[in-house]
Amino acid sequence: MNEFDVIVIGAGTWGSSVSLALSKRGHKVLALDEFHPPHKQGSHGGATRLARQSNSSGKDYIKLTERAWEMWADISQEANTDILVTTGSAFIGEPGSEWFDKTLSNLQLSDFDYEVLNHEESASRFPWVKTRPEELTVWEPNGAIILVEPVIRSLQNLATQYGTTFQFNEKVVQWESSDDHVKVTTSKDIYTAKKLVITAGARSSKVLQTDLPVEVERQVLVNFAVPQDHAALPALFFAAPPGDPGMPAYGCPEPDGTYKFSVATRMDIIDPDSLTQEMSEKDLARVKDVVEERLPQLNGDPSGFAVCMWSESSDGHWFLGKHPEFSNVVIGAGCTGRGFRYAPVVGAALADSVDGIDRPDLTTFSTNRIQFDHVGGA
């Protein structure tokens, strides 16, 4: 009854994706989660995630992006649910800005559609976005948003249809690995399997009992009302100026008609178990300062907010592959803020690792970059 082919610890976006991929391949899968995704204790707070086709992390992501768009379309069709909503996206920044330059160079290496607009062209096309004279706007017509709850529920529902068993609100107390099986002890039961996948998001270090080269960062997302009859707003990114290592501020339309905005920061490192849904005056001021400059028509009291977190790896890339010490344990960690839009690609990659399928295209994400201080289960 409690024996499976694969146990997945962490049934959020990545965990649900790998569960679906494995169950489609005929594996008997158990997916465990301390909470019940979607929830507000993890990395998928709020209603949307941005999904630009460009990225600032290198050419290794180009083919993965192409495949992610294909897979989201397939999942949306199979689940009969809207998941990826095209809004277009504009990345605004000054040449010489690290994030802007990397975004543009990535697009130049790809086949994705884009335009580069100067200040006057941008002001004519998007008069409600305030850009600075020295800035350019990179417009991606196929930029999109992803609907968080429909995504997670669709992945879970499809995985269940293919045979995955989900056990929610069940905390993993310990896991152990031997040559031919794994044993997972939870707050409710004991389970065994041939292989184990750990996709515990911001709690990956806790589950793996080691200090991954990852920092968990708190992020505040603030919603503003959009004036009646306003033109449809796309997803927007504002790069920090040259010499400033800060991450881009960003915003996107939400399903309820509001506009979500966030000023990403690496200054708020937290223990994931300390996350609360509390927004301080300082949090709000940081967002409102940018909104007042860039989108003054949204200025006003927020209509809502959410607090979430993401785990940023030291080199900016995910950890995907086998545990360096246990060949029957697979790790997916360090989503680095962009992991949500790549969930089906990551799920397939982790399933390939379970099945022993070589993926030379994923060398950048090798788990050999992890130096374990402690070997053993949670």
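Start by selecting β3, β8 and β4 in this predicted model: the three strands make an open sheet in the order β3-β8-β4, with antiparallel pairing. Which strands stand at the edges? They are β3 (48-51) and β4 (84-86); each has a single partner strand, so one side of each is left without a neighbour in the sheet. Look along the sheet and you can follow its twist, which averages 30 degrees from one strand to the next.

Now zoom in on β3 together with β8, residues 144-147. This pair is antiparallel and is joined over four bridges. For a landmark, pick Ala51, which stands opposite Ala144 in β8.

Keep those two strands on screen and add helix α5, residues 148-161. The helix lies across β3 and β8, and α5 runs at about 55 degrees to β8.

Next, show two more helices, α2 (residues 60-79) and α8 (residues 343-354). Two packed helices are described by the angle between their axes and the distance between the axes. Here the axes come within 7 Å and cross at roughly 100 degrees. That makes α2 roughly perpendicular to α8. To see what fills the contact, turn on side chains for Leu64, Arg67, Ala68, Met71, Trp72 and Ile75 of α2, then for Ala343, Pro344, Val345 and Ala348 of α8. Sorted by class, the residues in this contact of α2 with α8 are nine nonpolar, no polar and one charged.

Stay with Trp72 for a moment. Which residues does Trp72 touch, not counting those up to four places away in sequence? They are Ile83, Leu84, Ile146, Val151, Phe340, Arg341, Ala343 and Pro344. Trp72 also belongs to the largest nonpolar core, a set of 68 residues. Within that core, Leu22, Trp72, Val197, Trp318 and Leu320 touch the most other members, so to speak the five to colour together. Another core lies apart from this one; it has 29 residues, including Leu117, Tyr259, Val287 and Leu298.

For the last stop, go back to helix α8 and click on Ala349. Is Ala349 buried or exposed? Ala349 is buried, with a relative accessible area of 6%. Setting aside neighbours within four places in sequence, Ala349 is in contact with Leu320, Arg359 and Leu362. Finally, draw a distance from Ala349 to Ala21: the two are 328 residues apart in sequence, yet 9.2 Å apart in space, C-alpha to C-alpha.

Technical notes
Residues numbered from 1 in each chain as written. Predicted model: local features only at pLDDT ≥ 70, side-chain atom pairs only at ≥ 80, totals over all residues. Heavy atoms only, no water. Core = buried A, V, L, I, M, F, W, Y, C linked by side-chain atoms within 4.5 Å. Buried < 20%, exposed > 50% of the residue type's maximum accessible area, 1.4 Å probe, protein only. Contact = heavy atoms within 4.5 Å. Pairing = 2+ DSSP bridges. Axes fitted to C-alpha atoms, helices over the stretch in contact; angles between N-to-C directions. Parallel < 35°, antiparallel > 145°, perpendicular 65-115°, else oblique. Nonpolar A, V, L, I, M, F, W, Y, C, P; charged D, E, K, R; others polar.
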